[in-house]
Amino acid sequence: MCGNTMSAPLPAIVPAAKKATAAVIFLHGLGDTGHGWAEAMAGIKSPHIKYICPHAPVAPVTLNMNMAMPSWFDIYGLSPDAQEDSNGIKQAAANVKALIDQEVKNGIPSNRIILGGFSQGGALSLFTALTTHQKLAGVLALSCWLPLRTSFPQASVNSVNKDIPVLQCHGDCDPLVPLMFGSLTVEKLKTIINPANIQFKTYSGMTHSSCNQEMADVKQFIEKLLPPLI
């Protein structure tokens, strides 16, 4: 995948134990890489599913005093009304859509692909799912928010994903992306896609991280939407 400044290395992949008939593409958070989440996915893997954890390109991040770090797009501030990197978000989404297209070429139909992510990666997965023409199996949105939310009247969402299942998870002690962001996001999502398909789970005492119960819920969500093909 290409970034604003330099191309990122190839994704961390947890291969299927047998022929892959489904895939999970999972995007890490700001300043991280795909390796940690690939390890987490290896802990909940199913034998017919391929898990792809791309690495964000390294770029300066305004929020962090322009320090260069792995970032899907620039972040200017953390308040709900902060300016957003519209061009960067749309370019990052185009890169993720290209990654989905690549898996389709590899033989996995887009409706057998779950897109997900944590924090900034979760934000990008939500935005991508709501703007892509590719019909996806579902979205995992962990400790995140919906970017460019004011640009989402209902009509702007491609109809193929109007009924997409979403599992949104958030810790109630998150100091970086407060639970309020998750609550606002789920309320906005209910105006965009079928509210009956949105699950919002909160975890007591969890900060800006993951926990065993959350990963168990993620595993259940993946296995329900991507069952083995008989």
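Start by selecting L78, which lies in the loop between β5 (67–70) and α2. This is a predicted model, and at this position L78 is partly exposed, with a relative accessible area of 36%. Show its surroundings next: apart from neighbours within four places in sequence, L78 is in contact with L63, L176 and F181.

Two of those contacts belong to a feature on the outside. Select L63, L78 and L176 together and turn on the surface: the three form a nonpolar patch with about 230 Å² of accessible area together. L176 sits in the loop between β8 (166–171) and α4 (179–192). Its relative accessible area is 46%, so L176 counts as partly exposed, the class that runs between 20% and 50%.

For a sense of distance, draw a line from L78 to L115. The C-alpha atoms are 24 Å apart in space, and the two residues are 37 residues apart in sequence.

Now go to the interior. In soluble globular proteins, nonpolar side chains tend to be buried together. The largest nonpolar core here has 42 residues, of which I25, L124, L126, W145 and V166 touch the most other members. Colour by secondary structure to see where this core comes from: β2 (22–27), α2 (86–105), β6 (113–118), α3 (120–131), β7 (138–142) and α4 each supply at least two of its residues.

Within that core, centre on L124. Leaving out residues up to four places away in sequence, L124 touches L27, W72, F73, I89, A92, A93, V96 and P147.

A second core, separate from the one around L124, holds 26 residues. Select W37, F118, Y203 and F221, which are among its members.

Next, pick helix α1 (residues 34–42), where G36 is found. Is G36 buried, partly exposed or exposed? G36 is partly exposed, because its relative accessible area of 41% falls between the 20% and 50% limits. Add G122 to the selection and measure across: G36 and G122 are 15 Å apart, C-alpha to C-alpha, with their positions 86 residues apart in sequence.

Finish by colouring the chain by pLDDT. The mean for the protein is 93, and 94% of residues reach 70 or more. Residues 1–6 are a stretch to select separately: pLDDT stays under 50 there, and the model has 17 contacts beyond four places in sequence for them. Where pLDDT is low, the predicted coordinates should not be read in detail.

Notes. Residues numbered from 1 in each chain as written. Predicted model: local features only at pLDDT ≥ 70, side-chain atom pairs only at ≥ 80, totals over all residues. Heavy atoms only, no water. Patch = residues over 30% accessible without salt bridge, like charges linked within 9 Å, V, L, I, M, F, W, Y side chains within 5 Å. Areas by Shrake-Rupley, 256 points an atom, 1.4 Å probe, with all protein chains shown as cover. Salt bridge = Lys/Arg side-chain N within 4 Å of Asp/Glu carboxyl O. Helix = DSSP H or I, 4+ residues; strand = E, 2+ residues; numbered from the N terminus. Buried < 20%, exposed > 50% of the residue type's maximum accessible area, 1.4 Å probe, protein only. pLDDT = per-residue confidence, 0-100. Contact = heavy atoms within 4.5 Å. Core = buried A, V, L, I, M, F, W, Y, C linked by side-chain atoms within 4.5 Å.
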